[in-house]
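Got a minute to look at a model together? Let's walk through a few spots on the surface and inside.

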Amino acid sequence: AYSLAGHGLSPEEVRARTEAALERFRLSSLRKAPPAHLSGGERMRLVLAAAAVGAPVLYILDEATSFLDPPSRRELVEFIRREVASGAAALWMTHDVDLARSVPQVFVLREGQVVPASREGLERGALPHEEVRRPRVVRASSVSSGTSARPQIELRNVEYAYAAGTPFVRRVFSRLDLRLWPGEVVAVLGPSGAGKSTLARLAAGLLRPTEGELLWDGVPRPRGLPEELRRKVAYVPQFPEDLFLTSTALDEVAIGLRERGAPPGEAARRAGEYLLTWGIAEELWSRSPRQLSTGERRRTVLAAIFAGEPEVVFLDEPSIGLDASGRALLLDHLAEYLLAEYALRSPSRLLVLVTHDRGIAFRLATRVLFLDRGGDEGSEAEILFDGPPESFRHFLRGRLGWCGEEAEEHAPVRRGMR
């Protein structure tokens with residue numbers, strides 16, 4: 001409604017347009033929810049609704065499909081197509097090659113030059129990704145959840161609600177049970193607002209259950225994780241800039257190494273190596289990490305996280321903001337991380353990936369969880385699927401908008417070495 005404040009409309013017209021926008025972007029059940037309590041995808045839909053409610057003649061969409069689940073992404077593209085057919089214009093800034101293939105005119109920005117891209121050029125890789133090395137890891141039967149006497153993390157009969165005890169309460173989980181085992185690579189998928197990030201933050205000890213128990217190594221943790229456990233855990237949120245502590249990209253990685261006992265010179269040297277490994281060129285090291293691009297910021301955070309050699313890693317939408325080469329680099333490094341882990345006889349690391357990227361799930365995961373709300377958008381979330389990626393393919397075929405080419409085209413990069 002605030003977007004219409006300066007349009008000179010009557011209160012009745014403002015109310016009618018607002019209701020129509022909430023309905024169009026599936027936000028009606030969230031009308032009273034504080035924006036801070038919304039998921040990344042819901043926030044994106046809210047911003048789009050606020051932009052669309054004023055009936056603009058030009059849409060400038062900067063990575064607007066980020067954080068959206070596949071059905072929401074298709075809905076947005078179709079909405080913009082209808083707006084263009086009605087006389088509006090649209091300019092997309094995107095890393096999404098599939099989206100680029102679907103629009104009539106495409107330009108590629110390279111080294112400050114705007115270059116027209118042909119359809120053939122897109123097919124050949126005008127947005128390059130195939131040249132990046134993709135390690136192949138085959139699945140081994142020697143590692144399974146049964147090899148550990150107990151789960152590393154357990155959520156037992158957990159309930160959780162945001163703003164509990166207030167008029168803005170939003171219930172997320174009721175009677176949630178989940179076990180995560182050492183050696184697993186768990187991909188968590190589901191629609192925007194299904195509780196994926198909340199589940200990860202509960203498991204990481206960053207949120208306390210409203211009811212129920214969080215256990216780590218079989219021990220209840222009612223007050224969260226103690227210091228010795230927190231040092232073994234890394235959590236990368238959807239918005240990595242929330243983690244920045246220092247004034248340069250180099251120091252952002254070095255600070256963690258210094259805290260672990262590395263001398264300043266050694267910490268700076270190793271930090272530079274990690275930044276180069278994650279594709280951050282040396283000329284960017286002296287910049288504030290907040291001045292980097294979205295993809296560069298995310299890769300800087302990943303460099304800092306993996307420099308600490310954590311045993312448990314939670315990555316929330318790790319591919320958001322990455323171009324095709326950056327996404328391939330992410331797959332490359334995560335696969336190497338897993339290769340090193342599964343070369344051991346008793347893998348102890350746990351990797352949890354919250355993502356809308358089905359390609360990452362099918363290439364890396366040993367186990368997939370799919371969350372959704374059981375009824376309307378105001379109902380509580382449930383785990384509707386919990387199993388191996390091969391079975392998940394069949395599950396997706398029954399869900400509108402979730403099964404596409406991306407679900408079929410990726411060879412697995414999973415645990416173990418033959």
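Here are some questions and answers about this predicted model.

Q: Which elements give two or more residues to the nonpolar patch?
A: Start on the surface, where V57, L58, I60, L91 and M93 form a nonpolar patch with about 480 Å² of accessible area together. Two or more of the patch residues come from each of two strands, β1 (58-62) and β2 (89-93).

Q: Is V57 buried or exposed?
A: V57 sits in the loop between α2 (40-52) and β1. The cut-off for exposed is over 50% relative accessible area. V57 has 67%, so it counts as exposed.

Q: Which residues does F306 touch, leaving out those up to four places away in sequence?
A: Now go inside, to the largest nonpolar core, which has 36 residues. F306 is among those with the most contacts in there, along with L315, L334, L351, L353 and L364. Skip the sequence neighbours, and the residues F306 touches are Y274, W278, V313, L334 and Y337.

Q: How many residues are in the other core, the one with L202 and V233?
A: In soluble globular proteins, nonpolar side chains tend to be buried together. Apart from the largest core lies another one, with L202, V233, L350 and V352 among its members, and its residue count is 33.

Q: Is T300 buried or exposed?
A: T300 is found in helix α10. Beyond its neighbours within four places in sequence, T300 is in contact with F244, A249, E252, V253, L275, I280 and L292. Buried means under 20% relative accessible area. T300 comes in at 0%, so it is buried.

Methods:
Residues are numbered from 1 along each chain as its sequence is written. This is a predicted model: local features need pLDDT of at least 70, side-chain atom pairs count only at pLDDT 80 or more; totals for chains, interfaces and linings use all residues. Side-chain values use heavy atoms; hydrogens and water are left out. Patches are made of residues with over 30% relative accessible area and no salt bridge: like charges are joined within 9 Å, nonpolar side chains (Val, Leu, Ile, Met, Phe, Trp, Tyr) within 5 Å. Accessible areas come from the Shrake-Rupley method with a 1.4 Å probe; for residues, only the protein chains shown count as cover. A salt bridge is a side-chain nitrogen of Lys or Arg within 4 Å of a carboxyl oxygen of Asp or Glu. Helices (H or I, at least four residues) and strands (E, at least two) are DSSP runs, numbered from the N terminus. Buried means under 20% relative accessible area, exposed over 50%, partly exposed in between (1.4 Å probe, protein chains only). A nonpolar core is a set of buried Ala, Val, Leu, Ile, Met, Phe, Trp, Tyr and Cys residues joined through side-chain atoms within 4.5 Å. Contact means heavy atoms within 4.5 Å.
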